[in-house]
Amino acid sequence: MNNELPAGDPRSLWQSQHCDSPHMSIDEIRTKAAASHKRIKRRNLREYVAEALVVIMFTGYAIVFHGFMVRLGSILCIPGAFFITWFLQRRGSASPVPAELGLSSGISFYRRELERQREVLRWFWLWNLAPFVPGLAVMLAGFGLDLRYLAIAVVLILAFWSFLWWGNIRAARKLQREIDELQLMEE
């Protein structure tokens with residue numbers, strides 16, 4: 001009985017393909033992990049500075065603006081900024097690269113680190129935008145603006161937040177592609 005498949009058979013073509021499995025040396029993994037660690041630290045530092053400015057800005061609003069609702073809304077935004085700082089410190093900080101890193105453990109470590117950061121980026125709207133909603137809503141209600149101005153303010157806020165959210169989703173997708181490549185190496 002002949003076990004060979006005809007020459008043009010899709011199965012034989014598929015089985016005869018040369019498959020280059022992606023390969024990454026331990027030095028490349030260390031380099032990528034160190035670069036990722038540095039990038040995360042810079043991102044978090046930018047966020048910490050932004051949150052400090054938000055606290056200063058809304059404290060100033062609470063002092064300068066008149067009206068109970070506007071002041072209350074300003075004050076409600078401050079804990080939102082502290083929550084973001086806490087969240088990034090707890091969930092978004094970069095894990096240090098272990099000194100004793102073998103090839104398989106290095107790929108696993110780097111992949112887990114990318115997955116953790118991907119989740120932080122995917123849920124950006126929840127930990128970075130949602131904490132400001134109550135304060136901004138109370139503030140906007142306190143201003144009691146003409147509906148046209150209120151609509152413009154809401155549209156501008158939503159446009160800015162959409163831009164931030166979109167950038168984080170793009171970054172999460174980029175991390176997912178890298179995670180997929182690492183999973184191929186682990187198989």
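Let us start in helix α6, where Gly135, Leu136, Val138, Met139 and Leu140 are buried. Keep in mind as you look around that this is a predicted model. Just past the end of α6, Gly144 takes a positive phi of about 55°.

From α6 we can step into the interior. The largest nonpolar core has 18 residues, and those with the most contacts inside it are Phe58, Trp127, Phe132 and Leu136. Helices α2 (26–64), α3 (68–91), α5 (124–129) and α6 (133–143) each supply at least two residues of this core. The largest share, seven residues, comes from α3. In soluble globular proteins, nonpolar side chains tend to be buried together.

Phe58 is a good place to pause. Leaving aside residues up to four places away in sequence, Phe58 touches Ser74, Cys77, Ile78, Leu136 and Met139. Two of the buried α6 residues we began with, Leu136 and Met139, are thus met again among the contacts of Phe58.

Now look along α2 for Glu51, which lies in that helix. Which side chain of opposite charge is nearest to Glu51? It is Arg43, 11 Å away, and Glu51 is buried yet has no salt bridge. A salt bridge here needs a nitrogen and an oxygen within 4 Å. The residues that Glu51 does touch, again not counting those up to four places away in sequence, are Ala81, Ile84, Thr85 and Phe132.

Next, let us turn to the surface. Trp123, Trp125, Leu126, Phe163, Trp165 and Trp166 make a nonpolar surface patch of about 670 Å². Helices α5 and α7 (147–186) are the elements that give two or more residues to the patch, and α7 gives the most, with three residues. One member of the patch, Trp165, has its place in helix α7. With a relative accessible area of 37%, Trp165 is partly exposed, because that value falls between the 20% limit for buried and the 50% limit for exposed.

Helix α7 also holds Met185. Is Met185 buried or exposed? Met185 is buried, with a relative accessible area of 17%. The C-alpha atoms of Met185 and Ser108 are separated by 9.9 Å, although these residues are 77 apart along the chain.

Our last stop is helix α4 and its charged side chains. How many salt bridges does a search of the whole structure find? The search finds five. In one of them, the side chains of Arg111 and Glu115 meet at 3.0 Å, N to O. Both lie in helix α4 (residues 103–122), four residues apart, about one turn of the helix. Arg111 is buried, with a relative accessible area of 16%.

A salt bridge also joins the side chains of Glu113 and Arg116, at 2.8 Å, N to O. These two lie in α4 as well, three residues apart, about one turn of the helix. Glu113 is buried at 9% relative accessible area, whereas Arg116 counts as partly exposed at 27%.

Further along, Arg122 forms a salt bridge with Glu119, their closest N and O atoms being 3.1 Å apart. Arg122 and Glu119 are separated by about one helical turn because they are three residues apart in helix α4. Arg122 counts as partly exposed at 37% relative accessibility, and Glu119 is partly exposed too, with a relative accessible area of 29%. Salt bridges that share partners join Arg118, Glu119 and Arg122 into one network.

Technical notes:
Residues are numbered from 1 along each chain as its sequence is written. This is a predicted model: local features need pLDDT of at least 70, side-chain atom pairs count only at pLDDT 80 or more; totals for chains, interfaces and linings use all residues. Side-chain values use heavy atoms; hydrogens and water are left out. A nonpolar core is a set of buried Ala, Val, Leu, Ile, Met, Phe, Trp, Tyr and Cys residues joined through side-chain atoms within 4.5 Å. Buried means under 20% relative accessible area, exposed over 50%, partly exposed in between (1.4 Å probe, protein chains only). Contact means heavy atoms within 4.5 Å. Lys and Arg count as positive and Asp and Glu as negative; His and the chain ends are not counted. Patches are made of residues with over 30% relative accessible area and no salt bridge: like charges are joined within 9 Å, nonpolar side chains (Val, Leu, Ile, Met, Phe, Trp, Tyr) within 5 Å. Accessible areas come from the Shrake-Rupley method with a 1.4 Å probe; for residues, only the protein chains shown count as cover.
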